[in-house]
Amino acid sequence: MNKLLIVESPAKAKTIGKYLGGDFTVKSSVGHVRDLPKKGLSIRVAPVAGKDNQWTFAPTYEVSADKKKVVDELRKAAKEADEILLAPDPDREGEAIAWHLSEVLKDVAKGKPVKRVTYNEITKTAVKRAVDNPGEINAARVDAQQARRILDRLVGFKVSPLLWKNLSYGYTLSAGRVQSVALRLLVEREREIQSFNPVAYWVLGVEAAKQGDKASAFTAKLAKLDGAKPEVKSAEQAVTLVDDLDGAELKVAAIKDQPKSRHPYPPFTTSTLQQAASSVCGFSPHRTMSLAQKLYEQGLITYMRTDSVNIAQDARAAVKELITTSFGAEYHSENYYKSKAGAQEAHEAIRPTDVAKRPADMALDAASLKLYDLIWRRFVSSQMADAKLVQKTVSLAAVKDGLRHDYLFTASTTAVAFDGWLKVMNAVAPKKGGAKEDDEESDEVKTLPPLAEGESLVAVRWLSDRKETKPPARFSEASLVKALEENGVGRPSTYAQTIEVLVHRQYATREARQLVPTKRGEDVSDWLVKTDAACSGSPEDGLFCVGYTAQMESVLDKVEEGQVKGDEMLSAFFVKLDRWLKGALPPPPPLEKFTALFGFLNDVTSWRAPVTDGKRVYSDEAFVQSVKDQIADGKRAVSEKQLQALVKLAVTYCDQVPDGEARLRDLGYGPELDKARNAPPMDLVKWCFLTIDRIGGMTKNPFLNSLREQVDRGKLLSEKQFSILARAVGENAGALSDAENVRTRLAPYVPGGFEIAPVDPAVPELLKMADGIAEWKEPAHRGRRTYDDHGFVKSLQDQYARRSSLSPRQVAALRRILVNYRAQIPDFDANAERLGLVNMPETPRAGTAEADARADARAERVVKRRRASRRS
C-alpha cells in the first residue's frame, strides 16, 4: 500500500521520511492550511430556536492564499495514496490542523482510510509505534481549538473598533482576550512602581574577630533586639543603639548545625523552559520556542508545548542507567512530580529523546546547544538525589555593663555535605560571595572561623547601614510568563506570541530585559479597564480581568475533555460580550436633533441618483427614509454615526434648501458647513485619481482605493485624506513627463512638501543586474517578519518604474542583495567598482545563527544607548 503521512513542517517531514520505508510518502502542510478570512468577522451567529441566550457559531474557513499551492500538492498526493495518515503536533492546534487537512482532502480521499497519528518525540521507535497504532481525530479537541479561535476573533473584531473610535491612535490598535490582560498586568505593575514611596530603615551588625586574630574577622547581623526582630526606622534610633553598643564585647552564645535538603526541580514544561532560558541564556520566550522547535524537529527533544511533568518509563530507565554509570548509584533517585491542575498527563515533560546524547557531543549551533544543554541538565537532575547541606549558625551576644538592651547577632554558612543533583546543574549553595543577592538582610557569610560556645570575641567595629524598601520590579519576559501561568491566563504555547504582539503593537518596549508599557499601552489598558468597570459593575469582573480570563481557559479545558460543548461555552461568553459592547457605546443622540435635520432635508427637491458598488446600492434618499423608519419602529436606538451622516447630507444639499446656510448655522452646524466649503475641489480630487491611473502600480493600494470608492459615492474627502492622496500622487509621479506640473499643482495641499529621493545614476543598471538572477533563496522568517529577496527587488523595480528614484537606504539594500548573488550575475566583477559594489559584506540570511547573533547584538546596542540616555 502507498501511504501518505502529512506533518506540519518540512524539517519534520525530512526527519520522519528517513525513518519510514518506501511505502510511505511524507509531506508537509507548512502549518495551518485554512483559517478565517482576514477581512470580516466570518462567523455566522444564529440563535437556537426555543432557547434563550443560546446561539450556534459557524465559522467560514478559506484556504490561505500562501497555502493554495501546498494544498494542491497534498490533494494530488492524497489522490495517489491508498491510506492517509495525519500527523501534526499532539495538541489543540495540531488536532485542528489535522481536521482542516481532512476537510480539504475529503473529496479526493473518499473511500480511503484517513487516520490520526500522534507522537511526543520524533524518534524512529516513537514514529513507527505511532504509525502502527493510528487513531481518529479528537473531535472535542478540535471543538476546543475552534472555540478559542472564535473567542479571539469576536473580541478582536468587536472591541478593536471601539479603541479606534475612543483613542487617537488610528487603526493600529487592537484588543485581545489574552493580550489585553497581559498588558493590564504590565500597566498595573508600572503604576505600583510609580506610586511607590520608599521607606528608610537601618540594618545593624558587627564585624567580629577572634582574640588576637584580625584575619578571622567576619560579619554578623543584628537578629534580635530585646528578644524581638529589630525594627530600626530612623537615623537617631540607629545612632542611639550603636552608642549603646560602643565598648561592648561579644560572646558566642550558641552554635547550631542544621541539616537541610535541596530538592531537584521537575523537568521542564513550556512555561518553565521559557522562564529558565530567559534567566540562564538570555533568550526571549519567542526565541526559546523557535530553538526548541528546531531541536524537536531534529528528533533531539520531546514535544515542546506541554504543561505536564510526566516522564515515560523507558526514559526513566535510560536516565537511571546514565546517572548510576556516570556518578554512582547513590546519586540516583526515582522522583515523581505532580503536574498542575488541568495538565494533560498523556503528554510528557520536555526532555532529551536520548539522554545518552550529552551536550558536549552534539554538533549544534551555539544557541541551540545552550538550550539543549539546559534541557538535558534539568531532565537528568530531576531524577537525582537531594543535595544534602549543613547550615552552621553562630549566635553572638553583646556583653557590657549598663547595656540598655539585649542584643543578639547571627552569622551563617552553608556547606555541601552531598552535592546530589547540584553535580549536574552547575549550581552551588550558597551563591558565590556569601549573601544572597535577593535578600540584603541575610546573615549568610562566606566562611566562619573555628568557634566554641562561650568563647569571647572582639567587636572590631559596629555597623549601621541605611536601606530603603524597594518597589516591585518591572516584569521581565520570564516573570510575565510566570505571572500569566500562575493566574491561569492563556496557555504556555501562546505566551511567546502574546509578548511579541505587545511589542509589535507598541504597547510595550524591551528595556534592559524588562517589559515597559508605553503611553499607548497605558491608554489602551486604561480605557479597557474603565469600560470593564462601567459595563460589569466592577473592574474585577470585566471582560478583560484576570479572573474571568482564567475562568474562560478552564472552560476551554472542559470543552477539550468533552464535558462542555463549544457552542454552549461560546453562548455564555457572547451574553457577556454583548452586554459589554452595549455598555461601551455612548448614549444615543437626542431625537430632537434628528427631527430638526429631517425638517431640513424634507425641503430637498432633487436627490442624487443611487450609486451601485458591487451588490451594494448607495441612495441618499433611501438612507434618510431608513433612519426615519428606525426611529418610528423604536426597536433599535439611533447612533451618533447616523446623525453625522445626516449632517453631511444636509451640508451636501444645502444649496437646494431655501435659506439653507442660515438654517444650518442656526442648528449649530456652521463648522461642518465651513469645512465643506473649504474642502478641495471635486474636480481636483478626480484629477488625482486619473493621474494615479497614468502612473500605474498604485491601483492595488487599499487606502487609496478606499478614498476612490468614497469619492465615487459622492462623499467629500477630509483635509487630511486629500493631503495623503496629494502626497502619494506627487511622490510617485517621477516617471511622468509632466511630473513637475503635477507636483506644482498639488504642492499647496502637502504641508512640508514632497519627499523626493536623490537620483542615483547607478540604479537602472543595478536593477537590470537583478534580472540576471535565476535562482532566488527561499523566503526566511524571523518572528512576524518575512525576508524575501526576490519580492523585495521586485518591489524596488515597480517603485522605480513609478517614481524614477529609490531612497538611499533602498539602494544600499539593493547593493547588498546583489553582492549575495554575485555568482549568478554576468560581468559582476567587471562592473562592481563602477556601480559601488566593492567592499560590501554579504548579508547573513535571517534565521541563521549569524543573523540571530547580529540581531541580538543590535538589540544589546539599543539597550545600552537607552541606559546611557537615562543616565544623562
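1. Helices here are DSSP runs of H or I, at least four residues in length, and they are numbered from the N terminus. By that count Arg802 belongs to helix 28, which covers residues 789-803. The model is predicted, and the points below should be read as comments on a prediction.

2. Overall make-up. The protein has 872 residues, of which 45% are buried. Its secondary structure comprises 31 helices and 20 strands. The C-alpha trace spans about 110 × 80 × 80 Å along its principal axes. The exposed area is about 44,900 Å², and carbon and sulfur atoms supply 50% of that area.

3. Contact range. Take the contacts between residues at least 6 apart in sequence. Of these, 74% join residues at least 24 apart. The salt bridges in points 6 to 8 give individual examples of pairs from separate parts of the chain, among them Glu553 with Arg148.

4. Charge balance. The protein carries 131 positive and 119 negative charges. Their mean positions lie 2 Å apart. On the surface, Lys165, Lys641, Lys648, Lys675 and Lys715 form a patch of positive charge. One of these, Lys165, is in helix 5, residues 139-166. Lys165 counts as exposed because its relative accessible area is 56%, and the cut-off for exposed is over 50%.

5. Arg802 again. Is this residue of helix 28 buried or exposed? Arg802 counts as buried because its relative accessibility is 16%, while the limit is under 20%. Beyond residues up to four places away in sequence, Arg802 touches Ile695, Gly696, Gly697 and Met698. Asn732, Ala733, Gly734 and Ala735 are also in the list of residues that Arg802 touches. Asp66 is 736 residues from Arg802 in sequence; the C-alpha to C-alpha distance is 27 Å.

6. Salt bridges, helix 5 to helix 3. The whole structure holds 46 salt bridges. In one of them Arg141 pairs with Glu95, with the closest N and O atoms 3.7 Å apart. The pair links distant parts of the chain: Arg141 sits in helix 5 and Glu95 in helix 3 (residues 92-104), 46 residues apart. Both partners are buried. Arg141 has a relative accessibility of 15%, and Glu95 has a relative accessible area of 2%. The two also belong to a network of salt bridges that links Arg92, Glu95, Arg116, Arg141, Arg491, Asp557 and Glu560.

7. Salt bridges, helix 5 to helix 16. Glu553 and Arg148 meet through their side chains in a salt bridge of 2.9 Å, N to O. Glu553 is in helix 16 (residues 546-560) and Arg148 is in helix 5, so this pair ties together parts 405 residues apart in sequence. Glu553 is buried, at 0% relative accessibility. Arg148 is buried too, with a relative accessible area of 10%.

8. Salt bridges, helix 6 to a loop. Glu190 and Arg474 form a salt bridge through their side chains, 2.9 Å from N to O. Glu190 lies in helix 6 (residues 179-195), and Arg474 lies in the loop between strand 14 (456-468) and helix 13 (477-486), so the pair ties together parts that are 284 residues apart in sequence. How do the partners stand in accessibility? Glu190 counts as buried, at 6%. Arg474 is partly exposed, at 28% relative accessible area.

9. Ser368. This residue is in helix 11, residues 366-382. Ser368 is buried, with a relative accessible area of 3%. Which residues does Ser368 contact once neighbours within four places in sequence are set aside? They are Leu291, Lys294 and Leu295.

10. Asn705. Helix 24, residues 702-712, contains Asn705. Asn705 is partly exposed because its relative accessible area is 25%, and the buried class ends under 20%. Leaving aside neighbours within four places in sequence, Asn705 is in contact with Thr699 and Lys700. Asn705 and Phe689 are 16 residues apart in sequence, and their C-alpha atoms are 9.4 Å apart.

Key
Residues are numbered from 1 along each chain as its sequence is written. This is a predicted model: local features need pLDDT of at least 70, side-chain atom pairs count only at pLDDT 80 or more; totals for chains, interfaces and linings use all residues. Side-chain values use heavy atoms; hydrogens and water are left out. Patches are made of residues with over 30% relative accessible area and no salt bridge: like charges are joined within 9 Å, nonpolar side chains (Val, Leu, Ile, Met, Phe, Trp, Tyr) within 5 Å. Accessible areas come from the Shrake-Rupley method with a 1.4 Å probe; for residues, only the protein chains shown count as cover. A salt bridge is a side-chain nitrogen of Lys or Arg within 4 Å of a carboxyl oxygen of Asp or Glu. Lys and Arg count as positive and Asp and Glu as negative; His and the chain ends are not counted. The place of a charge is taken as NZ of Lys, CZ of Arg, CG of Asp or CD of Glu. Helices (H or I, at least four residues) and strands (E, at least two) are DSSP runs, numbered from the N terminus. Buried means under 20% relative accessible area, exposed over 50%, partly exposed in between (1.4 Å probe, protein chains only). Contact means heavy atoms within 4.5 Å.
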